[in-house]
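Reader: I am new to protein structures and would like a close look at a single part. Please take me through the aromatic rings and what surrounds them.

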Amino acid sequence: MDYITVYEITNENPDLILAVPLILAIGGFLAFYITFRKNKLAQKKSKDYFTLFFGLAFGIIFSIVAAIRIPNSLKKLKEHKQLFLDGSFKTIEGKIQDFEPMPYQGHKNEEFKLDGIPFAYSDFQGNYYGFQNTASHGGPIKYNGQEIRLGYFTNLDGENIIVRVEIKKWKRLPTKPKRNADL
């Protein structure tokens, strides 16, 4: 059977959500710095203790979050890509069973089984790297009976992480040639 590869983990990049704690840390330090400079230039005792304190606290807390979250996430992505490149994953193919799409608004994982093995993912779940593109957001896995081939591995939490998705290629029926009179 001919399959078309529609997802491969080697094409995945770090999540942009990783920038949020870094942006919040910069914002906190910036609020602290601007308030501090304003008070220093005015040469008066600050009554902006709230801004100084929370700006500095925000900066420190979100710097710590960024320092932990970003390296861990990048390490996880590198590990998943390396598992794929080493061929340390299983491959199964067949027809999708028990397909339950995720609603457009989220709040539920998209789920299905392939050859009795369960898979679940969501566009809104940012805790792992692997296939996460649901049907309601344009994903290629759409219905029961759809023929696919998956590459996956099972992580330490027992979740099946999809590292490759291949969809069975449809055979095109030959089209009827146009007659000269139709041209």
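Author: Start with a definition. Rings of Phe, Tyr and Trp pair if their centres lie within 6.5 Å. With that rule, Y7, F112, F119, Y121, F131 and Y152 form one aromatic cluster. Keep in mind that this is a predicted model.

Now find F112 in the cluster. F112 lies in strand β3, where the side chains alternate. E110, F112 and L114 point to one face, and these three are buried. E111 and K113 point to the other face and are not buried. Strand β3 covers residues 110-114.

Next comes the neighbour of β3. Strand β4, residues 117-121, pairs with β3 in the antiparallel sense over five bridges. Look across from F112 and you meet its bridge partner in β4, F119. Both F112 and F119 belong to the aromatic cluster. The two strands form a hairpin with two residues between them. In that hairpin, D115 takes a positive phi near 55°.

What about the other partner of β3? Three bridges join β3 to β2, and these two strands run antiparallel. Here E111 of β3 stands opposite E100. Strand β2 spans residues 90-100, and six bridges join it to β5, residues 147-154. That pairing is antiparallel as well. In it, L150 of β5 stands opposite I92.

Now look at the packing. The largest nonpolar core has 25 residues. F112, F119, I141, I148, L150, I162 and V165 touch the most other members. The elements that give two or more residues to this core are α2, β2, β3, β4, β5 and β6. Strand β6 gives the largest share, five residues. Two names should now be familiar: F112 and F119 are in the cluster, and they are also among the core residues that touch the most other members.

Step back to the count of ring pairs. The structure holds nine aromatic pairs. One of them is F32 with F36, where the ring centres are 6.0 Å apart and the planes meet at 15°, so the pair is stacked. The cut-off for stacked is planes under 30 degrees apart. F32 and F36 sit four residues apart in helix α1, residues 19-42, so about one helical turn separates them. How covered are they? F32 is partly exposed, with a relative accessible area of 26%. F36 is partly exposed too, at 42%.

Compare another pair. F84 and F89 are also stacked, at 5.0 Å centre to centre and 10° between the planes. F84 and F89 are both buried, whereas F32 is partly exposed.

One aromatic residue takes us to the surface. F29 is found in helix α1. At 34% relative accessibility, F29 counts as partly exposed. Together with L56, I60, I64 and I68, F29 makes a nonpolar surface patch of about 420 Å². Helix α2, residues 49-86, gives the most to the patch, with four residues.

So which names should you trace again on the model? Try F112 and F119, bridge partners across β3 and β4. Then follow β3 to β2 over three bridges, and β2 to β5 over six.

Methods:
Residues are numbered from 1 along each chain as its sequence is written. This is a predicted model: local features need pLDDT of at least 70, side-chain atom pairs count only at pLDDT 80 or more; totals for chains, interfaces and linings use all residues. Side-chain values use heavy atoms; hydrogens and water are left out. Rings of Phe, Tyr and Trp (its six-membered ring) pair if their centres lie within 6.5 Å; planes under 30 degrees apart count as stacked, over 60 as edge-to-face and the rest as tilted. Buried means under 20% relative accessible area, exposed over 50%, partly exposed in between (1.4 Å probe, protein chains only). Two strands pair if DSSP finds at least two bridges between them. Patches are made of residues with over 30% relative accessible area and no salt bridge: like charges are joined within 9 Å, nonpolar side chains (Val, Leu, Ile, Met, Phe, Trp, Tyr) within 5 Å. Accessible areas come from the Shrake-Rupley method with a 1.4 Å probe; for residues, only the protein chains shown count as cover. A salt bridge is a side-chain nitrogen of Lys or Arg within 4 Å of a carboxyl oxygen of Asp or Glu. A nonpolar core is a set of buried Ala, Val, Leu, Ile, Met, Phe, Trp, Tyr and Cys residues joined through side-chain atoms within 4.5 Å.
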